[in-house]
Amino acid sequence: MRALFLTLALILTPLAAHAQDNPIVARIQALIDAYNTGDLAALGSIYTEDAALFPPGEAPIVGRENIVQHYADALAQGASDVQFRVLDIRATDAMAVATIDVSIQAGPQRARTRSMHVWQAFGDDILLSRDIYQILGTQ
């Protein structure tokens, strides 16, 4: 089943990276929805237990609980209204790498970032194991 999910992602991406039937895009959308609603439990469930988040200029944040705390802190500081656009998805039977542009309201400014996600298949589930981003600018 995991091969089917990731094969679909590989096949469908060149044609329609935003297609709702693309399992990687669906997982990214679930991540963004959880962030925008402040659902930290749902946000945490998208990451592997040993996931790592790599914010720019900071030490990696390792582990699901630490990543959830990072997001809780960001939400408490007013981060909101995350939007995304998929640029590219490359997949194999066991994993996929997605490159996305993200914009997020950060106080009075809107930040633009570019992220690279490494997704891994675990049975019928696809979880985020590495989340790397850089800030492109603010508006």
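The lining of the largest pocket in this predicted model comprises 18 nonpolar, 8 polar and 3 charged residues. That pocket holds about 640 Å³ of space. Helix α4, which spans residues 64-76, is among the elements that each supply at least two residues of the lining.

**Largest pocket**

- Of the 29 lining residues, Y35, H70, A74, I104 and Y133 are the closest to the centre of the pocket.
- Besides α4, at least two lining residues each come from α2, β1, β3 (79-91), β4 (95-106), β5 (109-122) and β6.

**Helix α4: length and faces**

- α4 has 13 residues, and the distance from its first C-alpha to its last is 18 Å, close to the 18 Å expected at 1.5 Å a residue.
- I67, V68, H70 and Y71 are the buried residues of α4.
- These buried residues lie on the same side of α4, because the arc they cover around the axis is only 155°.
- E65 and A76, on the other side of α4, are exposed.

**Helix α4: surroundings**

- The buried residues of α4 pack against two helices, α2 (23-37) and α3 (40-45), and against the strands β1 (47-54), β2 (61-62) and β6 (125-138).
- H70 is one of the buried residues of α4 and also one of the residues closest to the centre of the largest pocket.
- α2, β1 and β6 pack against the buried residues of α4, and each of these elements also supplies at least two residues of the pocket lining.
- G78, just after α4, has a positive phi of about 100°.

Technical notes
Residues numbered from 1 in each chain as written. Predicted model: local features only at pLDDT ≥ 70, side-chain atom pairs only at ≥ 80, totals over all residues. Heavy atoms only, no water. Helix = DSSP H or I, 4+ residues; strand = E, 2+ residues; numbered from the N terminus. Expected span 1.5 Å × (residues − 1). Buried < 20%, exposed > 50% of the residue type's maximum accessible area, 1.4 Å probe, protein only. Arc of directions from axis to C-beta. Contact = heavy atoms within 4.5 Å. 1 Å grid on protein atoms, 1.4 Å probe; cavity = no way out; pocket = protein on both sides within 12 Å on 5 of 7 lines; lining within 4 Å. Points joined across faces, edges and corners; volume = space filled by probe spheres on them. Nonpolar A, V, L, I, M, F, W, Y, C, P; charged D, E, K, R; others polar.
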